[in-house]
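Trainee: I would like a close look at one strand and its surroundings. Please take it in one connected answer.

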Amino acid sequence: MTGGLLMSGAIAALFATALPAHNPSGAIVDPPPDKIVINVATVNGSGCPAGTAAVAVSPDNTAFTVTYSDYLAQVGGNSDPTAFRKNCQLNLVVAVPGGFTYAIASADYRGFASLKAGATSTEKASYYFQGSSNTASITHPFRGPLADNWQATDTTEWAQLVWAPCGVQRNFNINTEIRVNAGTSAPSSTSFMTMDSTDGELDTIYHLAWKECPAS
């Protein structure tokens with residue numbers, strides 16, 4: 001989806017609710033006054049095929065929104081055997097004001113789940129910088145019977161945050177996944193989970209933590 005979703009020059013101040021950071025001396029580092037600049041390089045995956053996902057910047061440039069229209073995993077009934085798992089990877093080019101680095105401190109996800117009794121599902125997100133082996137992953141489980149909207153929030157303790165390397169440009173990757181397991185539910189019944197909402201408007205919001213880079 002490189003062509004349809006490449007947002008050259010898209011600018012987002014991520015985010016007004018960004019968490020303050022603590023440097024090793026214990027002082028609080030507020031988010032830098034300059035805006036962070038983000039370009040969406042690619043959006044790829046079975047949960048976001050071409051034309052089914054859109055990335056937009058809010059009017060006040062304080063957040064970016066990812067909206068999905070075909071991010072659905074399902075099992076049972078006449079479901080495709082490969083449909084039980086879907087994923088989507090965002091590859092972001094992020095420019096941070098000089099002297100600062102950032103990490104994803106929390107993220108909010110929403111969708112809808114219809115799980116028969118005995119069926120289960122999971123939502124998982126992984127965060128990592130290009131070229132780094134340090135990956136943060138968080139999984140949220142759900143269990144049937146369930147037929148309702150769902151919401152999951154990833155939070156990371158300060159000591160476990162994955163920080164952008166100082167002074168080096170590294171693309172940031174966010175890989176999400178939804179997975180449905182039939183479990184003990186009847187094989188003829190269908191269970192599914194979506195990464196969207198019933199009105200088609202899903203806001204996935206990423207909150208940042210900040211800290212100062214060491215003096216060069």
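Mentor: A contact here means heavy atoms within 4.5 Å. The model is predicted, and the part to look at is strand β8, residues 100-115.

Some context on the chain comes before the strand. The chain has 216 residues, and buried residues make up 45% of them. One helix and 14 strands are assigned in the chain. Among contacts with a separation of 6 or more, 80% are between residues 24 or more positions apart. The accessible surface of the chain is about 10400 Å², and carbon and sulfur atoms account for 52% of that area.

Now to β8. This strand is mostly covered, with 14 of its 16 residues buried. Its pairing involves several strands. With β11, residues 146-155, there are ten bridges, and the two strands run antiparallel. With β14, residues 205-212, the pairing is also antiparallel and counts eight bridges. With β13, residues 191-194, three bridges are found, again in the antiparallel sense.

Individual bridge partners fix the register. Tyr102 of β8 faces Trp210 in β14. Ala113 has two partners to note: Asp148 is its bridge partner in β11, and Met193 stands opposite Ala113 in β13.

Ser106 also lies in β8 and serves as a worked example. Leaving out residues up to four places away in sequence, Ser106 touches Asp154, Thr155, Ile205, Tyr206 and His207. Asp154 and Thr155 fall within the residue range of β11, while Ile205, Tyr206 and His207 fall within that of β14. The contacts of Ser106 can thus be read against the two strands that pair with β8 over ten bridges and eight bridges. Ser106 counts as buried because its relative accessible area is 13%, and the cut-off for that class is under 20%. As a general point, side chains in a regular strand alternate between the two faces of the sheet.

One feature sits just outside the strands, on the way into β11. Pro145 is placed in the loop between β10, residues 136-143, and β11. The peptide bond that joins Gly144 and Pro145 is cis, with omega about 5 degrees. In general, most peptide bonds are trans.

To recap, β8 is a mostly covered strand that pairs antiparallel with β11, with β14 and with β13.

Note on methods
Residues numbered from 1 in each chain as written. Predicted model: local features only at pLDDT ≥ 70, side-chain atom pairs only at ≥ 80, totals over all residues. Heavy atoms only, no water. Buried < 20%, exposed > 50% of the residue type's maximum accessible area, 1.4 Å probe, protein only. Helix = DSSP H or I, 4+ residues; strand = E, 2+ residues; numbered from the N terminus. Pairing = 2+ DSSP bridges. Areas by Shrake-Rupley, 256 points an atom, 1.4 Å probe, with all protein chains shown as cover.
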